[in-house]
Every structure is written in C-alpha cells, then in structure tokens.
Number of protein chains: 2
Amino acid sequence: MSQGSDAIDLQTSLGYLLKEASSALRAAMEEVLRPLGMTITHYSCLELLAQRPGLSNSELARGAFVTRQSMSVLLQALERDGYVTRAAQPSVGKALPTRLTPRGRRSLEKASKAVRAVELRMLAGLSEDEQAAAFRILTSMTHSLRDGGAQD
Amino acid sequence: MSQGSDAIDLQTSLGYLLKEASSALRAAMEEVLRPLGMTITHYSCLELLAQRPGLSNSELARGAFVTRQSMSVLLQALERDGYVTRAAQPSVGKALPTRLTPRGRRSLEKASKAVRAVELRMLAGLSEDEQAAAFRILTSMTHSLRDGGAQD
DNA sequence: CACCATATGTCAGACTTCTGACATGAGTCA
DNA sequence: TGACTCATGTCAGAAGTCTGACATATGGTG
C-alpha cells in the first residue's frame with residue numbers, strides 16, 4: 001500500500017482527501033444553487049454581506065477565495081440586477097462599501113436554507129467530538145499552509 | 001455574532017473551513033507547480049498515471065475532479081508534448097489507455113517532491129492521532145455528501 | 001435480432017476565473 | 001514637501017473549465 005519515498009499515495013494522502021471532500025462539497029452546493037440561478041461565488045458573496053454589511057470588493061474577494069478581479073465582475077452584475085448597492089463614492093481610500101438590498105436578502109434566504117441542508121448532510125456521520133476535531137484540524141491545516149508559504 | 005436559525009455562521013461553518021483549507025492547499029500547490037510550468041490538474045493527471053498506468057481519459061477526469069472534456073483537452077496537450085502516450089485504437093470499448101513516457105515520469109518527479117513538501121507543511125501542526133482523525137473525517141464527509149445527493 | 005441504457009471520446013461555444021497592467025488613495029518617513 | 005510602500009478598483013487579454021451535443025461501443029433484455 002505504501003510507496004517509496006518519492007511517490008505520494010493518493011489513496012491515503014490527506015491532501016488528496018481534502019481535495020476530494022472539497023470537490024464533493026462544491027458539487028453538492030452547485031446542485032442546490034443551480035435551480036436558484038446562483039453560483040457558489042455568487043452565494044458566498046451574498047452570505048458574506050449578510051453577516052458583515054459594508055464589506056468592500058477586495059474584502060469580499062478574500063472571503064470568497066477568489067481574486068479581486070473575479071469579485072469585481074460579479075459585483076457589477078449583482079449591482080446591475082439590484083441585489084446589492086455600492087456607495088457611489090468611497091468614504092475613505094478607494095474601497096466602495098457594499099450592502100445587500102431587500103431583493104438580495106430575499107434571494108439569499110432560499111440559498112442559505114439549501115446550503116445549510118447540504119452542510120448538515122456532510123456532517124451526518126460525524127459525532128460532536130469529531131466535528132470539534134474537524135474544526136481544529138482544518139484550521140490548523142489552513143494556518144500551516146499560509147504561514148509556510150509566501151505572504152500574498 | 002451568532003445569527004438566527006436561517007443564517008450560516010461562516011466563522012464556525014465546517015463547510016466554510018473546508019473550503020478555506022482547500023483553497024489554501026490549492027494556492028500552495030499552484031505556487032510550487034507554477035515554476036515547473038504545471039497546473040494542479042496537469043500534476044494530478046501525471047500522478048494518477050504513475051500510480052495506475054493505463055487509466056482512460058474518463059477515469060483520469062474522475063480522479064482529478066474535473067470533467068471528461070477538461071481532461072481531454074489536457075491529455076491532447078500532454079500527448080502532443082510527449083509526456084504521455086495513448087493507444088492509437090481502443091482495445092475494448094472506446095476507452096484509450098494512457099501511460100507516462102520517460103519524459104513524463106521525469107517531469108513528475110520534481111513536481112511530486114514539491115507537492116509532498118506542501119503536504120508535509122500542511123500536516124506540520126497535527127499529531128498522529130489528529131492525522132488519523134482527519135482521514136476518517138474527510139472520508140466520512142465525502143461519502144455523506146455523495147450518498148445524499150444525486151448519483152452522477 | 002432489435003432496442004435501450006450506460007459509458008466513452010470529442011467538438012464547439014460560453015462562462016468563470018486568472019494573470020498582467022495601470023491609476024488612484026492612504027500612510028510612513030526623511 | 002516629496003518619495004516610497006501598500007491596498008484598492010478596474011480594464012484587457014489569456015487560460016482553464018464547464019455545459020450541450022453528437023457519434024460510437026458495450027451489455028442487458030425483450
């Protein structure tokens with residue numbers, strides 16, 4: 001089962017398993033968001049704004065794990081379609097605070113419910129202790145990867 | 001900080017943390033693979049072929065978590081550049097078994113070493129027990145998401 | 001045999017995201 | 001004041017991936 005020193009055993013590689021789980025989560029989310037006409041980034045953006053109104057484009061991009069450029073494209077569409085509003089002019093610096101409109105909030109409600117169901121399904125087989133362990137483990141992985149790499 | 005029953009608290013959502021960790025892993029892998037002129041899917045394809053020679057396009061796509069179409073585009077480039085070889089005609093069905101060339105194997109060696117370092121860094125803060133728990137947890141999450149959703 | 005469901009490989013087009021580049025605004029410091 | 005650094009928003013083009021569609025090959029079933 002185990003390989004030599006050079007090879008990575010995909011069957012037991014935690015990196016591979018992490019990617020596999022993330023891929024399954026993404027597929028499950030896309031499946032429930034598609035009928036609502038939303039992509040994952042689209043949903044993530046609305047959810048972030050619901051919890052922290054006034055986030056800027058760059059802050060939203062970081063929170064949704066995409067580039068500023070990608071989030072900018074999305075925000076322009078969301079603003080055009082009336083889901084969010086942005087200050088016409090920056091209050092400080094160049095950052096334009098963004099907020100949900102009532103329409104955006106309504107749209108988010110259905111999506112949030114669907115996504116929550118997916119998350120519950122994901123956790124179905126895990127005990128309370130395992131969920132707590134998952135929290136610690138995922139947090140540790142993230143920080144280890146960030147601290148060791150180049151600061152972006 | 002906590003919301004009503006509808007909202008998802010991103011700070012403690014395991015779904016969000018999973019995406020965050022996966023995003024950090026992806027960024028770290030892209031950082032080390034870019035100097036080698038490889039994307040993650042590119043690397044994944046070679047690694048899969050090293051461990052299971054003769055995989056078809058569709059099997060590689062499933063293993064790398066992309067569509068057949070995406071893997072097909074990649075395989076055509078890899079074959080053109082001499083990293084892999086494909087049977088000219090299918091031995092059974094339409095599946096074309098693919099194998100690494102010596103050049104592909106050499107190319108993979110460097111990449112595999114770099115990716116292994118990233119994975120070790122990711123696990124740096126975790127005990128043996130926690131790594132075992134991570135294995136169980138990620139596997140459970142994947143299967144729960146798949147079993148509950150539509151069979152693709 | 002014919003029919004159907006499933007799986008595969010491929011082409012074409014569109015979408016999303018990314019990289020690279022530039023200009024603007026704020027803060028630090030000599 | 002001026003120079004420098006950093007963060008932000010945006011534009012333009014490229015890269016990767018996706019959806020939709022079609023033809024082909026296999027196996028099961030009537």
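This passage looks at how two protein chains sit on two DNA strands in a predicted model, and then at how the chains relate to each other and how two helices pack.

Start with DNA strand C. It has 20 residues around it, and the ones that come nearest are A:Thr41, A:Ser70, A:Lys94, B:Ser58 and B:Arg68. Of the strand C atoms that come within 4 Å of the protein, sugar and phosphate account for 55%. Several polar contacts go to the phosphates. A polar atom in the side chain of A:Thr41 sits 2.6 Å from a phosphate oxygen of strand C. From chain B, an N or O atom in the side chain of B:Arg86 is 3.3 Å from a phosphate oxygen of this strand. The backbone takes part too, with a polar backbone atom of B:Leu96 lying 3.2 Å from a phosphate oxygen of strand C.

Which helices build the surface near DNA strand C? At least two residues each come from α4 (68-80) of chain A and from α3 (57-64) and α4 (68-80) of chain B. Of these, α4(B) gives the most, with four residues. Sorted by class, the surface near strand C holds three nonpolar, 11 polar and six charged residues.

Now for DNA strand D, which is surrounded by 21 residues. The closest of them are A:Ser58, A:Arg68, B:Thr41, B:Thr67 and B:Ser70. Sugar or phosphate makes up 55% of the strand D atoms within 4 Å of the protein, and bases make up the rest. On the phosphate side, a polar side-chain atom of A:Arg62 is 3.0 Å from a phosphate oxygen of strand D, while a polar backbone atom of A:Asn57 is 3.4 Å from a phosphate oxygen of that strand. A base is contacted as well: an N or O atom in the side chain of A:Lys94 lies 3.3 Å from a base oxygen of strand D. A:Lys94 also turned up among the residues that come nearest to strand C.

The surface near strand D draws at least two residues each from α3 (57-64) and α4 of chain A and from α4 of chain B. Here the largest share, four residues, comes from α4(A). The class breakdown is three nonpolar, 12 polar and six charged residues.

How are the two protein chains related? Chain A superposes on chain B through a rotation of 180°, with 0.0 Å of shift along the axis and an RMSD of 0.0 Å. The two copies are therefore related as by a two-fold rotation axis. As for the interface, 100% of the interface residues of chain A are also interface residues in chain B, so the copies meet through the same surface.

Within chain A, helix α2 (residues 40-51) packs against helix α5 (residues 102-122): their axes come within 10 Å and cross at roughly 110°. That crossing angle makes α2(A) roughly perpendicular to α5(A). On the α2(A) side, the residues in contact are A:Tyr43, A:Leu46, A:Glu47 and A:Ala50. They meet A:Gly104, A:Ser107, A:Leu108, A:Ala111, A:Ser112 and A:Val115 of α5(A). By class, this contact has six nonpolar residues, three polar and one charged.

Conventions:
Residues numbered from 1 in each chain as written. Chains lettered and ligands numbered in written order. Predicted model: local features only at pLDDT ≥ 70, side-chain atom pairs only at ≥ 80, totals over all residues. Heavy atoms only, no water. Near = heavy atom within 4 Å. Polar contact = N/O pair within 3.5 Å; in protein donor to acceptor, adjacent residues only side chain to side chain. Nonpolar A, V, L, I, M, F, W, Y, C, P; charged D, E, K, R; others polar. Least-squares fit on C-alpha atoms with pLDDT ≥ 70 in both. Contact = heavy atoms within 4.5 Å. Axes fitted to C-alpha atoms, helices over the stretch in contact; angles between N-to-C directions. Parallel < 35°, antiparallel > 145°, perpendicular 65-115°, else oblique.
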